[in-house]
Amino acid sequence: MKIVDRYIINQYIKRLASIFGICMLIFIVQTFWLFIDDLAGKGLDFETIFKFLIYYSPKLIPIVLPLSILLASLMTFGDFAENYEFAAMKSAGISLIRCMSGLFLVHIMIGVGSYYFSNHVIPYGELKSYNLRRNLAKLKPAIVIREGIFNDLGQMNIKVKRKYGLEQRLLEDVIIHEKTIDHKNRIVIKAKRGELKSKTTDATLQLVLYDGNRYEEIIGKDYQEKLRLPHAKVHFEKYVMNIDLSTFNNIDLNEENYTSTFRMQKVNQLHVSIDSLERDFEEQKKVFSDNFREKHFKSQIKSVEIEDYEPDSLITGNLLHIIQNNTKWRRRQSVNNAINDVKSILRSLENKKRTYFIYQKLINLHKITLYDRFTIIFACIFLFLIGASMGAIIKKGGLGLPMVLSVLIFLSYHYIGIFGKNAAEDNSINPFLASWISTIVIAPFAFYLTKRASYDEGFINLDFIITPLKEIFKKILGPK
């Protein structure tokens, strides 16, 4: 490796690593706020939250890596041009294309590495994060007894009018509904005062009630016994309740019930899934088509019997004559039956249309996930060419103008891809085109900028427009 290549690669890799780390940290924080509703208020320890973020972070690489490459290449080559290092290289006979060749090979390796990363690490991270998030959704929020509403507390619902005292352990006007085996409201407890002897976060909650009554509906063997013993009422001065909360959130967070969604599959598995889904989809459409034609056309024509009309006249003749024949047909009943049949057919078709739309969307999502595994290779290469060329053209490094240009270019690239994928989900465009459209858009832009930067030209040459205008103004206004 030449000294100049080693120097350029060394300067670039330092910036890429630092920018990638900063961007990754920003996106992880944004992910935390995105799922704050699933994580907050459930008594989770730091280890569980950290594990969820680690499992989710591989999904951010296809977004963070292209952005980091674009920003790092633009800043690196902008610094070279601003500090006249490119001028020194050009004076030594080293062109811009020669300076970019070493990094171009590096980005080919980065692109191939990102493909293997997205094909192995991202599906595993999706498997872990998706199942962990599903298990976290089953967890109930930490137990908090709020005033004026019924609070779910294990096997009972409790409502208090007011909380007061040290750590708000004293309760006023307590109403409790205990849950029975048949899930009916048979036990009600009312007390004027209450006291929490232990915290609601303990495995066993001790609740002491004072001056109240306990009502219980008795389940009789027959109707007469139920009328004779409608309910039982017990008055108490002090009533101690030990509530078991050990099973309140007894959920295994490491349980994996979902292992075969399309985002968890590798490329070979996606190929198999797509083939199976498309084959099943075609079979479903064929079966529905045959059944629909048999039910609503062939069977209906065979069952029609008309005394005064030939069988062929049902197709070749005017069917309105049948309706107008009042002596043989009940006109109103025939028309109403026909309208009801048509409405029934339309409803059936609409329902089947929605079912097929969901099935087709699932197939398209599989295809988009498959093609995305390959597009990241070319995205890394083309965004590097764009960033390096723009840095050489604007001759500006640092975090000012290069940062703004990088963000604008990346957002354009990113949102073009999002719009394309959203259109492909409802089958508006082909999933292959949707996955590649952002790469197809930036590819000619990358080659155009690379060519202009190699000739030390600006973004756009407008001399063919400006020069004729100058000549016209000179003739009108004179030499001045």
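This passage walks through the sheet, one helix and the nonpolar cores of a predicted model.

Start with the sheet, which is open and has six strands in the order β1-β2-β3-β4-β5-β6, paired antiparallel. Its edges are β1 (151-153) and β6 (231-244), each of which pairs on one side only. Going from one strand to the next, the twist averages 30°. Within the sheet, β4 (residues 187-196) and β5 (residues 204-217) run antiparallel and are joined by nine bridges. V188 sits opposite Y215 of β5.

Next comes helix α3, which spans residues 46-56 and has T48, I49, F52, L53 and Y56 as its buried residues. Looking down the axis of α3, these buried residues fall within an arc of 135°, so they line one face of the helix. That fits the usual geometry: an α-helix has 3.6 residues a turn, so residues three or four places apart point the same way. On the face of α3 turned away from the buried side are the exposed residues F46 and E47.

As for the nonpolar cores, the largest has 67 residues, and F77, F86, F384 and I386 have the most contacts inside it. Helix α11 (residues 331-394) supplies the largest share of this core, with 16 residues. Setting aside neighbours within four places in sequence, F77 is in contact with F86, L96, M100, L103, F384, A388, G391 and A392. There is also a second, separate core of 18 residues, with L153, F236, M241 and I243 among them.

Definitions and conventions: Residues are numbered from 1 along each chain as its sequence is written. This is a predicted model: local features need pLDDT of at least 70, side-chain atom pairs count only at pLDDT 80 or more; totals for chains, interfaces and linings use all residues. Side-chain values use heavy atoms; hydrogens and water are left out. Two strands pair if DSSP finds at least two bridges between them. Helices (H or I, at least four residues) and strands (E, at least two) are DSSP runs, numbered from the N terminus. Axes are lines fitted to C-alpha atoms, for helices over the stretch in contact, and angles run from 0 to 180 degrees between N-to-C directions. Buried means under 20% relative accessible area, exposed over 50%, partly exposed in between (1.4 Å probe, protein chains only). The arc is that of the directions from the helix axis to the C-beta atoms. A nonpolar core is a set of buried Ala, Val, Leu, Ile, Met, Phe, Trp, Tyr and Cys residues joined through side-chain atoms within 4.5 Å. Contact means heavy atoms within 4.5 Å.
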